[in-house]
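Good morning, colleagues. Please turn to the structure on the screen, and I shall take you through one helix and its surroundings.

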Amino acid sequence: TDENKKIVDTYKMNINTDLETISFTSGDTQLKVGDSKYYKYEISSNTSINRVKAMLKGIKEVKVTTNSGGVAVLNYHFFYDASSEACNESICISTENFRKQLSYLKDNGYKALTMQEFNDWMDGRITIPDKSVLITVDDGAMGTNNHLPQILNEYQMHATLFLISGWWPISRYQSSPYLEIQSHTHDLHHNNYCDSNGCGYKTLKLSKEELKADLTNSINTVGTNLAFCYPFYAL
């Protein structure tokens, strides 16, 4: 197909036909300069075009198994480089510590789920590895538009950003294929919203129609209604 030809042209693949001189090992690992072991990707009639693209990028395929327990959800907010930035709130994490945490997960064989995978597992449509986690980030503030995508690219691990879509443009967070965007409302993230009846959580002070309008705006902005993070957990 034209798409297959485009992939070949993009990656400029040359096929070595003298395979007797090379010994391959079954695996799913991208080669690095200096490697003495060669891995082979196995392609069959059931291999999707997306999987082929992932192979060409060196992205591993995770074989799903049963998960007898729950899934740990790791939640973050602000990211900062301690060598050049300051962040004094309790919800801050330095880029150094975030890298250490992702290194631990990767070195110990954990799979960072996409939100679709997590949703499908919750609904019983798929099984997932016992070592699975869901990495989530709230709001879209400090470091989520620069540090976070860069680090996710480095470790090739998925995370979900619950974005307050009315506060920051979604284009700020689209530099990594490993970062997906879900709704954290459009403009309901206020815990001291005041009207004629006093002040409180905005989600508890608006009418049903006003809430629906905000959520519709958020869904249209982020482009999905797969998942939703409620502001301040105030119901």
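I shall begin with the helix and then move to the nonpolar cores.

Please bear in mind that this is a predicted model. Helix α3 comprises residues 95-107, 13 residues in total. From its first C-alpha to its last it reaches 18 Å, close to the 18 Å expected at 1.5 Å a residue.

Which residues of α3 are buried? They are Thr 95, Phe 98, Leu 102 and Leu 105. These residues cover an arc of only 85° around the axis, which means that they lie on the same side of α3. The general background is that an α-helix has 3.6 residues a turn, so residues three or four places apart point the same way. On the other side of α3, Glu 96, Lys 100 and Asp 107 are exposed.

What covers the buried residues of α3? The covering elements include the strands β3, β4, β5 and β7, together with helix α5. Just after α3, Gly 109 adopts a positive phi of about 80°.

I turn now to the largest nonpolar core, which has 24 residues. Phe 98, Leu 102, Ile 135, Leu 179 and Ile 181 touch the most other members. Two or more residues each come from α3, β7, α5, β8 and β9, and α5 gives the most, with four.

Ile 135 merits a closer look. Leaving aside residues up to four places away in sequence, its contacts include Leu 102 and Leu 105, as well as Leu 74, Tyr 76 and His 158. Apart from the largest core lies another, of ten residues, among them Leu 113, Met 115, Leu 134 and Phe 162.

Thank you for your attention.

Terms used: Residues numbered from 1 in each chain as written. Predicted model: local features only at pLDDT ≥ 70, side-chain atom pairs only at ≥ 80, totals over all residues. Heavy atoms only, no water. Expected span 1.5 Å × (residues − 1). Buried < 20%, exposed > 50% of the residue type's maximum accessible area, 1.4 Å probe, protein only. Arc of directions from axis to C-beta. Contact = heavy atoms within 4.5 Å. Core = buried A, V, L, I, M, F, W, Y, C linked by side-chain atoms within 4.5 Å.
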